[in-house]
Amino acid sequence: SLLEAGRAQAIAARSYSLFYRGRRGAEGFDLYASVEDQLYSPVEAERPLATKCVETTRGLVALSEGTPIRANYCSTCGGVSAEVWEAWPADARSYLRSVADRGVGEGDHCALSPQYRWREEWTAAEFAGNLARFGPAQKVAIPAAGVGEIQDVEVDARSRSGRVWRLRVTTSTGEIIVPAYSLRQVLRRPGAPGSILRSNLFKIAVRRDANGRVGMVVASGAGSGHGVGLCQTGALAMARGGAKAEAILTHYYAGADLKQLY
C-alpha cells in the first residue's frame with residue numbers, strides 16, 4: 001500500500017522537525033516552510049491521504065541514541081544515497097550513511113522515477129557563462145583574466161557514494177575548481193539558468209570539433225536532490241512491494257529506532 005510510504009514520510013518529517021526544534025529560536029520560530037527546511041505548503045494544500053499518514057503515525061519518531069534523528073529526504077537518490085557530509089559541511093551521522101537503494105536480488109527502488117537517469121548538454125560558451133555568472137557568489141575562484149575558453153572538464157575527486165566531490169575545469173586562462181557544495185548552484189541546467197543541476201551524481205566529458213576545440217560539455221547523471229536519507233520514489237517502490245513504514249525507514253536511516261514519544 002502506498003499509505004506505508006506516506007507514513008514513512010510523515011515520521012521522517014516529524015523526526016526532522018523535532019531534531020531542529022529551537023534551531024531558529026532567536027528569530028521566534030523553529031523552521032522555515034521553504035525548501036531550506038524540506039518544504040511545507042500551507043494548510044490549504046494538505047490532502048486527505050497526507051493527513052491520514054500524519055494521524056496514523058501520531059507520536060511516532062525515529063531516534064538515534066534516544067534523540068530525534070536529522071531525517072533528511074530527497075526526491076530520487078539515483079540508486080545510492082549520500083552521506084550527510086557529501087551534501088553539506090556537517091559531521092558524519094551513523095544513520096545518514098550511503099546505502100544502495102535496492103533489496104537483495106532487486107533493481108534500484110527508484111528506477112521508475114523520471115529523474116532516475118538524465119543527460120545535460122551545454123555549449124562550451126553556456127558552460128563558461130554559468131561559471132562566470134554563478135561561480136563568484138558560491139566562492140568559486142575565477143582566474144583574474146576571467147573564465148576564458150573551455151579546454152577540458154573532468155571529475156577531480158568523488159565522494160564515498162560516487163558523487164562528484166570536486167570538478168576541474170581547464171580553460172585558456174587557468175584552472176577552475178568547483179567543489180561539491182557549490183556544484184549544482186554553479187552548473188545550472190542548459191537553457192534554464194534558473195534551475196540548478198539535478199544532482200551531484202554524474203559523469204561529465206567534453207565533445208570536441210574537428211580542430212580539437214571544445215564545442216559541448218555533456219553530463220550523464222542520476223537522481224534528483226542531495227541524495228541524503230530517505231529516497232521518496234524509492235520509498236514508494238518499497239511500499240508497492242509490501243514494505244511497511246518501519247522497514248522503509250530503517251532501510252534509509254540505518255540503525256535508527258522507532259519509538260512512540262507521545
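Buried here means under 20% relative accessible area, exposed means over 50%, and partly exposed is whatever falls in between (1.4 Å probe, protein chains only). Helices (H or I, at least four residues) and strands (E, at least two) are DSSP runs, numbered from the N terminus. The model is predicted, so to speak of local features takes a pLDDT of at least 70, and side-chain atom pairs count only at pLDDT 80 or more, while totals for chains, interfaces and linings use all residues. Residue numbers start from 1 along each chain as its sequence is written, and side-chain values use heavy atoms, with hydrogens and water left out.

With those terms in hand, helix α6 is a handy place to start. Gly234, Ala235, Met238 and Ala239 are buried in α6. Looking down the axis of α6, the buried residues fall within an arc of 140° (taken over the directions from the helix axis to the C-beta atoms), so they line one face of the helix. The general rule behind such patterns is that an α-helix has 3.6 residues a turn, so residues three or four places apart point the same way. The packing partners of the buried residues of α6 are α1, β10 and α7, where contact means heavy atoms within 4.5 Å. After α6 comes Gly242, with a positive phi near 100°.

Helix α7 holds His251, a buried residue with a relative accessible area of 19%. Setting aside residues up to four places away in sequence, His251 touches Val99, Ala100, Asp101, Arg102, His109 and Met238.

Now for the cores. A nonpolar core is a set of buried Ala, Val, Leu, Ile, Met, Phe, Trp, Tyr and Cys residues joined through side-chain atoms within 4.5 Å. The largest one has 33 residues, and Ile69, Leu230, Ile248, Leu249, Tyr252 and Tyr253 have the most contacts inside it. Elements giving two or more residues to this core include α1 (2-19), β1 (60-64), α6 (232-240) and α7 (245-252). The top contributor is α1, with 5 residues. Beyond its neighbours within four places in sequence, Ile69 is in contact with Ser15, Tyr16, Phe19, Ala62, Leu63, Ser64, Tyr95, Tyr253 and Ala256. There is also a second, separate core of 24 residues, with Ala124, Ala128, Leu197 and Ile204 among them.

On to the sheets. Two strands pair if DSSP finds at least two bridges between them. One open sheet has 3 strands in the order β4-β9-β8, with antiparallel pairing. Its edge strands, β4 (117-123) and β8 (202-208), each pair on one side only. Neighbouring strands are turned by 15° against each other on average, direction ignored; axes are lines fitted to C-alpha atoms, for helices over the stretch in contact, and angles run from 0 to 180 degrees between N-to-C directions. Between β4 and β9 (residues 214-222) there are 7 bridges, and Glu120 has Ala219 in β9 as its bridge partner. Helix α4 (residues 124-134) lies across β4, β8 and β9, at about 95° to β4.

Another open sheet of 3 strands, also antiparallel, runs in the order β5-β6-β7. Its edges are β5 (150-158) and β7 (174-179), each with a single partner strand, so one side of each has no neighbour in the sheet. Here the twist averages 20° from one strand to the next. Strand β6 (residues 164-171) is joined to β7 by 6 bridges, and Arg166 has Pro179 in β7 as its bridge partner. Helix α4 packs on this sheet too, touching β5, β6 and β7, with its direction at about 60° to that of β5. Helix α5 (residues 180-187) lies across β6 and β7, at about 105° to β7.
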